[in-house]
Amino acid sequence: MSQAQHVEDAVPKDGKQPRSVRVILLALMIAMLLAMLDNMIVGTAMPTIVGELGGLDHLSWVVASYTLATAASTPIWGKVGDMYGRKGSFLASIVIFLIGSALSGMSQDMGQLIGFRAIQGLGAGGLMVGVMAIIGDLIPPRERGKYTGMMSAVMAVAMIGGPLVGGTITDHLGWRWSFYINLPLGIVALLAVSAVLHLPKKRVKGRIDFLGAGLLTVGITAIVLVTTWGGSQYAWDSAMIMELIAIGVAALIGFVFVQTKASEPVMPLHIFRSRNFTLMSVIGFVTGFVMFGATLFLPLYQQAVQGASATNSGLLLLPMLLAMLAVSLVAGRVTSSTGRYKVFPVVGTILMIAGLFLMSLMDTGTSRFTSGVYMAVLGAGMGCLMQITMLVAQNSVEMKDMGVASSSATLFRTLGSSFGVAVMGALFNSRVKDVMAERAGAIGGKITEKSAQLDAASLAKLPAGARDAYQHAVSAGTHSAFVLGAVVAVIALLGAIFVKEIPLRGAGPENSSGAGKPAEGAEGDTAQRDRTVAEAV
């Protein structure tokens, strides 16, 4: 059989993917679930972990070491996949993640757990990038929209199910199984990808830009540490934070210079010459900023003001997550059938701004139904943006840069989430402390001296007057945080307006508007993807 006939058989005219590709997609979704679910599960188990291992002072490093390793390794995994092959790098990331999970579960003290979490984070950095890049290799952008619902569903399952699964595992099996649970899921994904995925082997002449990778790692580490420590362990104007900012800026300036000289740069600067790619990076950053800030402060509001339990506050996010899932499905289908996508970033950012503004109006008298409606508006905006930003970013680069494009887009969203949690958190904490001092005097200041975020047990112990003051303080804090989010989201709206609607590459019905025509330079990429799909099946 000729290669042309093989490709024709591999990509049927009815648009359905062959069975082997569907198996691969299932394995990819499992890997994606692992990356998203881990922190959600572990967060629930942290009180039990501290009770057994001790080391309360180093508790934040259990999360920080994982986050740092994930963020720093993300762009490197993307480049390794582009240079040496997607399958090998993806399998390696799964193996490293599983090794880190097993070692974390066997930890005997907090120092070991922090170190093993860093190993786990190194693997997690390659999971999301690998998933996105392999999907980019196998499925044309025009058809990729059909699968955005799967990715949104995985995200919703992780955000809702993570705390529930984590609590159940910790209560019945022990905290170590919060890590061991990754092993059977990861092995299934590992075996499925090994057996079914057959991508072309690559070997690019040249070597990895180790200097650039080192500078980028230092820059990202400094940024994440600033956003993690600033306003909590160190004052924003402290010497430590100022030094970290200086180190981060110097490292990133050096990184940009090195990228202009390297033969195989970790993050090729030419991808930013594409207006759409640059704009999608900005929109992705803002989306991460808003989404992770909202998912942090909404449960706080629901627990402190509306009286929800920690478990129920996760379920009360359902309006936002279900709206995000439903709109993501519609957006993906419309994009695949029409080839049009610009409307979704524009409408999505408008809905995001509207949702954040509405949530800023919530106070101590807001009902759960009303807050649910407001969350649904924000979720609808997220649904328009979450996967479309990655789709357009990948469509804006050549196939040879698919890995670095996917890793760069993922990195900007990760950095956005770090900044969102830090900046919105600093504003929230400041406002809560101010209102507590106004309403409860010296007692209010003493209550929030160590932390402005009280758990349910601490809240229940407060006198009625202090509890009422704290509820008003949390309402004021979330108001300020959501107003800031709405203002930042305006930047994403401005970026969305300037997106140029370049036709998506790949299959799809042609129409008079020209959406079905291939983008400039797409013929070579289409042929390369056809060869990739042919070998995959």
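## Exercises on a predicted protein model

Arginine 340 counts as partly exposed, because its relative accessibility is 30%. Keep in mind that the model is predicted. Let's start from this residue and work through the structure.

**Exercise: the salt bridge**

Task: Find which residue meets the side chain of arginine 340 in a salt bridge, and work out why this pair ties together separate parts of the chain.

Solution:
- Step one: a search of the whole structure turns up one salt bridge.
- Step two: in this salt bridge, the side chain of arginine 340 meets that of glutamate 501, with 3.1 Å from N to O. The cut-off for a salt bridge is 4 Å, so this distance qualifies.
- Step three: place both partners. Arginine 340 sits in the loop between helix 14 (318–338) and helix 15, and glutamate 501 sits in the loop between helix 20 (464–497) and helix 21 (522–536). The pair therefore ties together parts that are 161 residues apart in sequence.
- Step four: check the exposure of glutamate 501. Its relative accessible area is 28%, so glutamate 501 is partly exposed.

**Exercise: the span of helix 12**

Task: Work out what span helix 12 (residues 275–304) should have at 1.5 Å a residue, and decide whether the helix is largely enclosed or largely open.

Solution:
- Step one: helix 12 has 30 residues, and at 1.5 Å a residue they should span 44 Å. Why 44 Å? The expected span is 1.5 Å times one less than the number of residues.
- Step two: compare this with the model. The end C-alpha atoms of helix 12 are 44 Å apart, which agrees with the expected span.
- Step three: look at burial. In helix 12, 23 of the 30 residues are buried, so the helix is largely enclosed by the rest of the structure.

**Exercise: aromatic pairs**

Task: Describe how the rings of phenylalanine 272 and phenylalanine 412 are arranged, then do the same for phenylalanine 285 and phenylalanine 419.

Solution:
- Step one: a pair of aromatic rings is described by the distance of the centres and the angle of the planes. The structure holds five aromatic pairs.
- Step two: for phenylalanine 272 and phenylalanine 412, the centres are 6.2 Å apart and the planes make an angle of 85 degrees. Angles over 60 degrees count as edge-to-face, so this pair is edge-to-face.
- Step three: phenylalanine 272 lies in the loop between helix 11 (239–261) and helix 12, while phenylalanine 412 belongs to helix 18 (residues 402–447), so the pair joins parts that are 140 residues apart in sequence. Phenylalanine 272 is partly exposed at 24% relative accessibility, and phenylalanine 412 is partly exposed at 23%.
- Step four: phenylalanine 285 and phenylalanine 419 have centres 5.8 Å apart and planes at 50 degrees, which makes a tilted pair. This pair links helix 12, which holds phenylalanine 285, with helix 18, which holds phenylalanine 419, across 134 residues.
- Step five: phenylalanine 285 has a relative accessible area of 26% and is partly exposed; phenylalanine 419, at 29%, is also partly exposed.
- Step six: Phe272 and Phe412 join Phe277 in one aromatic cluster.

**Exercise: a cavity and its lining**

Task: Find which helix gives the most residues to the lining of the second largest cavity, and decide whether arginine 86 is buried or exposed.

Solution:
- Step one: there are two cavities of 30 Å³ or more in the structure. The second largest has a volume of about 50 Å³.
- Step two: its lining includes Trp77, Arg86, Phe90 and Gly130.
- Step three: helix 3 (59–84), helix 4 and helix 5 (110–138) each supply at least two lining residues. Helix 5 gives the most, with four.
- Step four: arginine 86 lies in helix 4 (residues 86–105). Its relative accessibility is 3%, and under 20% means buried, so arginine 86 is buried.
- Step five: arginine 86 and glycine 130 are 44 residues apart along the chain, yet their C-alpha atoms are separated by 6.9 Å.

**Exercise: buried or exposed?**

Task: Sort threonine 349 and phenylalanine 257 into buried or exposed.

Solution:
- Step one: threonine 349, in helix 15 (residues 343–360), has 0% relative accessibility and therefore counts as buried. Leaving out residues up to four places away in sequence, threonine 349 touches Leu385, Ala492, Leu493 and Ala496.
- Step two: phenylalanine 257, in helix 11, has 55% relative accessibility and so counts as exposed.
- Step three: for the whole protein, buried residues make up 55% of the 537 residues.

Key
Residues are numbered from 1 along each chain as its sequence is written. This is a predicted model: local features need pLDDT of at least 70, side-chain atom pairs count only at pLDDT 80 or more; totals for chains, interfaces and linings use all residues. Side-chain values use heavy atoms; hydrogens and water are left out. Buried means under 20% relative accessible area, exposed over 50%, partly exposed in between (1.4 Å probe, protein chains only). Rings of Phe, Tyr and Trp (its six-membered ring) pair if their centres lie within 6.5 Å; planes under 30 degrees apart count as stacked, over 60 as edge-to-face and the rest as tilted. Contact means heavy atoms within 4.5 Å. On a 1 Å grid over the protein atoms alone, a cavity is a set of points where a 1.4 Å probe fits but cannot get out, and a pocket is an open set with protein on both sides within 12 Å along at least five of seven lines; lining residues have an atom within 4 Å of a point. Grid points are joined across faces, edges and corners, and a volume is the space filled by probe spheres set on the points.
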